[in-house]
Amino acid sequence: MNLSKSAQRVQDAIIAAGCKFSVVELPGSTRTADESAITIGCELGQIVKSLIFKGKESGKPVLVLVSGKNRVKEKRVAQCLGEKLSKADADFTRTVTGFAIGGIPPLGHLEPLITFIDEDLLEYETVWAAAGTPHAVFSLPSYKLPELTSGQVITIK
Ligand code: 5CA
């Protein structure tokens, strides 16, 4: 598949991580979790939302991978992180990931990000994540998420 520049960067990161998952660009929107589930034809819970937060004191970026069916309980993530969280705005998100909101992938960012993974994602055999643009996604077996992202699996909701 001939991928756009941002989607190709995610494909390259997947290959660099030693995996073979294929990024696909779809005609339908995958900008939000709801739209992704409709476009892909999967359950909302199978969508990996890649959300950026910021450590309140350190200012460090934190990536939280959440099942499309769940809301992040920031207190839970803060407990695991050891500091409170503040919300990241669109500019901060782009600066640390190199991607725009609606296409933030779980890997391939400009800098390595402390990563937490919603345990509910592991209930599904296959999950789908954004791949750099609001039309690009890739699927993978959920058990691969922790090694692909060096993320820590936690209870998030
Ligand atoms: N492509 C889909 C999933 S495959 C996707 O990226 N969904 S998402 O949920 O991970 O990304 C959208 C998220 O971006 C929203 O849930 C929200 O947390 C965040 N967001 C949306 N608008 C803003 C904004 N203006 N500032 C900061 N974060 C935002």
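On the other side of helix H4 from its buried residues, Asp 91 and Thr 95 are exposed. That two-sided helix is a handy way into this structure, which is a predicted model. From there we'll look at a second helix, the ligand's surroundings, a few single residues and the cysteines.

**Helix H4 and its two sides**

- The buried residues of H4 are Phe 92, Thr 93, Val 96 and Thr 97. They sit on the same side of H4, because the arc they cover around the axis is only 110°.
- Why would residues a few places apart end up on one side? An α-helix has 3.6 residues a turn, so residues three or four places apart point the same way.
- If you want to see what covers the buried residues of H4, look for helix H1 (5-16), strand E2 and strand E3 (61-67), which are among the elements doing so.
- At the start of H4, a side-chain oxygen of Asp 89 comes to within 3.2 Å of the backbone nitrogen of Asp 91.
- After H4 comes Gly 98, with a positive phi near 85°.

**Helix H2, another two-sided helix**

- Helix H2 runs over residues 33-40, and its buried residues are Ala 33, Ser 36 and Ala 37. Their arc around the axis is only 100°, so they are on the same side of H2.
- Turn to the face pointing away from that buried side, and you'll find the exposed residues Asp 34 and Ile 38.
- What do the buried residues of H2 pack against? Their partner is strand E2 (47-55).
- H2 is followed by Gly 41, whose phi is positive, near 80°.

**Around the ligand**

- There are 14 residues around the ligand, and those that come nearest are Thr 30, Ser 50, Ala 88, Ile 101 and Gly 102.
- Thr 30 has a polar backbone atom 2.4 Å from a nitrogen atom of the ligand.
- Gly 102 also offers a polar backbone atom, 2.8 Å from a nitrogen atom of the ligand.
- For Ser 50, the pair is a backbone N or O atom and an oxygen atom of the ligand, 3.1 Å apart.
- How much of the ligand's accessible area does the protein cover? On its own the ligand has 610 Å², and the protein covers 66% of that.

**Ile 104, in a loop but buried**

- Look for Ile 104 in the loop between H4 (90-97) and strand E5 (114-118).
- Is Ile 104 buried or exposed? Its relative accessible area is 5%, so Ile 104 is buried.
- Not counting residues up to four places away in sequence, Ile 104 touches Ser 50, Thr 93, Thr 97, Phe 99, His 109 and Ala 130. Thr 93 and Thr 97 are among the buried residues of H4, and Ser 50 is one of the residues that come nearest the ligand.
- From Ile 104 to Asn 70 it's 34 residues in sequence and 17 Å in space, C-alpha to C-alpha.

**Thr 149 and Ser 150**

- Thr 149 belongs to helix H5 (residues 145-149). With 9% relative accessibility, Thr 149 counts as buried.
- The side chain of Thr 149 reaches the backbone oxygen of Leu 145, at 2.8 Å.
- Setting aside neighbours within four places in sequence, the contacts of Thr 149 are Leu 65, Pro 106, Thr 115 and Ile 117.
- Next up is Ser 150, in the loop between H5 and strand E8 (152-154). Ser 150 is exposed, at 66% relative accessible area.
- Ser 150 isn't a glycine, yet its phi is positive, about 50°. Most residues other than glycine have a negative phi.

**Ser 139 in strand E7**

- You'll find Ser 139 in strand E7 (residues 136-141). Its relative accessible area is 25%, so Ser 139 counts as partly exposed.
- Neighbours within four places in sequence aside, Ser 139 is in contact with Phe 21, Thr 126, Val 127 and Trp 128.
- Ser 139 and Asp 120 are 19 residues apart along the chain, and their C-alpha atoms are separated by 16 Å.

**Cysteines**

- How many disulfides does a search of the whole structure find? The count is zero.
- For Cys 19, the closest cysteine sulfur is in Cys 42, and at 20 Å that is too far for a bond.
- Cys 19 is buried, with a relative accessible area of 9%, whereas Cys 80 is partly exposed, at 28%.

How values were computed. Residues numbered from 1 in each chain as written. Predicted model: local features only at pLDDT ≥ 70, side-chain atom pairs only at ≥ 80, totals over all residues. Heavy atoms only, no water. Buried < 20%, exposed > 50% of the residue type's maximum accessible area, 1.4 Å probe, protein only. Helix = DSSP H or I, 4+ residues; strand = E, 2+ residues; numbered from the N terminus. Arc of directions from axis to C-beta. Contact = heavy atoms within 4.5 Å. Polar contact = N/O pair within 3.5 Å; in protein donor to acceptor, adjacent residues only side chain to side chain. Disulfide = S-S within 2.5 Å. Near = heavy atom within 4 Å. Areas by Shrake-Rupley, 256 points an atom, 1.4 Å probe, with all protein chains shown as cover.
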